[in-house]
Amino acid sequence: MSATGAAVVRGGTVVDATGRRRADVLVVDGRVAAVGTGLDVPTATTVLDASGCVVAPGLVDLHAHLREPGFEESETVETASRAAALGGYCAVVAMPNTEPAVDSAAVVRHVQQLGERALCQVAVAGAITVGRAGRQLAPMAELAEAGVRLFTDDGAGVQDALLMRRALEYGRGLGVTLAQHCEDAALAGGASMHEGEWSSRLGIPGAPAEAEELMVMRDLALARLTGARLHLLHLSTAGSVELVARAKAAGVPVTAEAAPHHLVLTHAEVASYDPVFKVNPPLRTAADVAALRAGLAGGTIDAVATDHAPHPQEAKELPFDQAPPGMLGLQTCLAVCLTELDLPVERTLALLSWQPAAIAGLADQHGGPVAPGAPANLCVIDPAATWVVDPATLASRSTNTPWRGRTLTARVRHTLFRGEPVVVDGRATR
Amino acid sequence: MAERERAPAPPDGGVFVARAQVMSADDMRRAITRIAHEIVERNAGVAGVALIGLQTGGVPLAGRLAGELERIESVPVPVPVGSLDATFYRDDIGLRPLVPEAVTDIGFGLDGLTVVLVDDVLFTGRTVRAALNALNDYGRAVAVQLAVMVDRGHRELPIRPDYVGKNLPTRRDEMVDVSPSGVSIGSVVR
Amino acid sequence: MTATHLLSVADLGTDGIEEVLRVTDSFVEVSARAIPKVPALRGRTVVSLFFEDSTRTRLSFEAAARRLSADVMNFAVSSSSVNKGECLRDTVETIDAMGVDALVVRHGSSGVPWQVAGWVGASVINAGDGAHEHPTQALLDCFTIRQRRGSLEGLRIAIVGDVKHSRVARSGVLAFTALGAEVTLVAPPTLLPPSLEGWPVTVSHELDPVLVKADVAYMLRMQSERMTGSLLPSRREYTAGFGLTRRRAALLPDGALVMHPGPLNRGVEIAAEVAGMPGSVITSQVANGVAVRMAVLYLLLGGAG
């Protein structure tokens, strides 16, 4: 950052919800000062070269596990935010399955404090139930007052229908969103992968698609009953997509997300027995992948969210059925989407930036049109740059990425967070 | 194919092409008769003598030799004959393990017997050495003698035959084939 | 066999299976001798790494290695002494660093032998991984059938019982069909794998009609743990529907074989008197187990060190 607190993003094409235009962007004191060509740029302004690049509102991840407090050996808020910034994200919603869980204002404030020095905004999600144990409602009003906008027991679903109903009703009164990890524990119990052709062949216990769809069905009905805002996390089956499509058509206030790995990989990957491919919900069939992609294109799915889930290497070298589920995602999600999905850039950015920003309640700060006065949360993407994913060079403290060795096309060149260049020329500045 | 010591592993195997016949079927028959007489003379009869043919070329020879012995000595009881595959006792297993060509079948204990090992071709001596090791696991013979149809030289161990059908000097790279129709010298074409 | 490991029966292919069975003949002869020992693997070290209790399989491998004059080391790690979370990789790499030639691995989780094979330089033999495979069991089963019936080509083999959780069944299906047999799985729907797509088998939920035409009745162990989880109402119902009782054994054609991977639950999947019938080759299976394992060890390790 220059001495005058100014930076100019020069030579790129601005793409946001209003359209696309060849324009430079001048950033002063944390806000967009001017957008256009032939701008009047003060001397000693930091110049960020964006030639050949897309300049977009910074990305917003609805779903990331930052592991602090409690699991710092796999990730911290700082290391995760660095990975996020390198992936083009200016805001991340931190999941509450930490140790202790985010079920009190004290833990919320703790994580918020950790986020103050992060390279992106850390929005804290709160648990729906105390300790995420699924028995008693967490103090949602207290948490909302501390700044929580999204509540979830993610890692597990709320099994008790009555409890979920009450949570939705109570949440409606607070104006917050409840998000569900849809998994019927009884049907899915003991499973490590998708139940189907591959689980049968490999002799590994699997969970059928219905374990997810049963709770999707239930919560859509409860959302309709209570009128509360519901967000469905990491949808993974064709059946779930169809249920959400019908519910939306009937006017139910539901949003849904999908994770990048469910949009590309199938359960055939498990044949390698590499626990890197163990994730919950599990990788499913090619038909499910196709249905999720169609859901993205057609609008049934509103956002792509990473479900970034770091784990230490030793844990991911345990036998497949003992290893913890989860994959990294923050640093690679944008590139995976641009490489593998057949979507126009505008649609991809909608799914990664302004649509998730709205769901997270961050639309005032993130995802908005790049226009004078807007907060300077921007990412500059080189759509033609190719790179090979090397776990050792990722910013995350962990290395469990399923994209290891894959060549991706599209790379983040710069990221500005509240006007500060946190990523310059593909490297984090701090 | 008699060249077990240097037989290429199956995927490499080729076809034997004879260059010249060095013994006819009649020559072999006379050699067997002579060897049988030599065995009887050396051991003062066939009492306490057993023949063990080395897989695979020595097995039919051992059978013919036993028949000759029984004819010469007019014994009431057949001469004991066994077969031995010494693959598991070899010390020269190459890049791929040699797979035993046939099973070992020795239906009698060796204690107190004079065992005559019978093979078709004696070359480096490694097969015989392996066979001697194998015999140790079947009992303790009084003595072990060696009968071969052809001794082609190029010994790598101090092994010598007691009874020889024909001494045949050869080049190292040549192959010797013993079959019921005679003994030929030639090469393997891949 | 050109491979360095035996992880799955599928690795062998029909030719590979035939090669193992042929070499096994020689080792049956060796095992029948007064001194059942050959020096073929002298100087080699075989380590058995059993994370699941299994005295019989471990001893079978040990006997096989010793009869080949190999040195044997045992790490019989019960699940209580290795906590979940203790690093499998560390244990395995430590053993490998001692310079061993083969690791015989049994573990309760599918896929562990593949993971181990990626970490060590030694040859890895899968002695049973989770519900996935048990290659040497399938090989000794093929050998036993051949001993009695000459060839598996066209034989009708019924595999009866908890196929869902059985590694013996999965390896068996691969091996028997590779040698030309026709395999029928007989079990209630809850004990079959969720998907049989790509499995070269037919399925029946009724045992009697299958037995009438079967050349081999292969009975799987019905573990008492399966009675929970709502897979079966009761042991009695299982036996009534799928147990090889004396009445059912009489349905088998002449010359049919009765097989079981052991240990038997007498009175559950097989009646005590049936296990002792002339058509039962259960004890032969055990005897052949050592010879088959000798063949596998010899083919994997018998080359130049």
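**View 1. The largest nonpolar core of this predicted model, with C:Ala217 in the middle of the frame.** We're looking into a core of 297 residues, where C:Ala217 and C:Leu297 have the most contacts inside it. Helix H11 of chain C, residues 282-301, gives the most to this core, chipping in 12 residues. Around C:Ala217 you can pick out the residues touching it beyond four places in sequence: C:Ala158, C:Val160, C:Leu211, C:Leu244, C:Leu252, C:Ala256 and C:Val258. As a rule of thumb, nonpolar side chains in soluble globular proteins tend to be buried together.

**View 2. Where chain C meets chain A.** On the chain C side, 22 residues are in contact, and they meet 17 residues of chain A. Three helices of chain C, namely H3 (88-97), H4 (112-117) and H6 (167-178), each supply at least two residues to the side that touches chain A. H4(C) gives the most, with three residues. As for make-up, this side of chain C splits into eight nonpolar, nine polar and five charged residues. Two pairs of chains touch, and A with C is the pair with the most contacts. Chains A and B, on the other hand, share no contact, and their closest C-alpha atoms are 29 Å apart.

**View 3. A seven-stranded open sheet in chain A.** Reading across, the strands go E3-E2-E7-E18-E19-E20-E21, with mixed pairing. The edges belong to E3 (19-22) and E21 (427-428); each has a single partner strand, so one side of each is left without a neighbour in the sheet. Lying across E2 (13-16), E3, E7 (54-57) and E18 (378-388) of chain A is helix H11 of the same chain, residues 345-360, which runs at about 35 degrees to E7(A).

**View 4. Zooming in on strands E19 and E20 of chain A.** Here E19 (residues 407-417) and E20 (residues 420-424) run antiparallel, joined by three bridges. To get your bearings, find A:Leu416, which stands opposite A:Pro421 in E20(A). In general, strands of a sheet pair through backbone hydrogen bonds, whether parallel or antiparallel.

**View 5. How confident the predictor is about chain B.** Mean pLDDT for chain B is 88, and 91% of its residues reach 70 or more. In chain B, confidence is highest in strand E5 (residues 143-151), at a mean of 97, and lowest in strand E8 (residues 182-189), at 88. Residues 5-11 of chain B need a bit of care: pLDDT stays under 50 there, and the model has seven contacts beyond four places in sequence for this stretch. Where pLDDT is low, the predicted coordinates shouldn't be read in detail.

How values were computed. Residues numbered from 1 in each chain as written. Chains lettered and ligands numbered in written order. Predicted model: local features only at pLDDT ≥ 70, side-chain atom pairs only at ≥ 80, totals over all residues. Pairing = 2+ DSSP bridges. Helix = DSSP H or I, 4+ residues; strand = E, 2+ residues; numbered from the N terminus. Axes fitted to C-alpha atoms, helices over the stretch in contact; angles between N-to-C directions. pLDDT = per-residue confidence, 0-100. Nonpolar A, V, L, I, M, F, W, Y, C, P; charged D, E, K, R; others polar. Core = buried A, V, L, I, M, F, W, Y, C linked by C-beta atoms within 7 Å. Buried ≥ 20, exposed ≤ 12 C-beta atoms within 10 Å, placed from the backbone.
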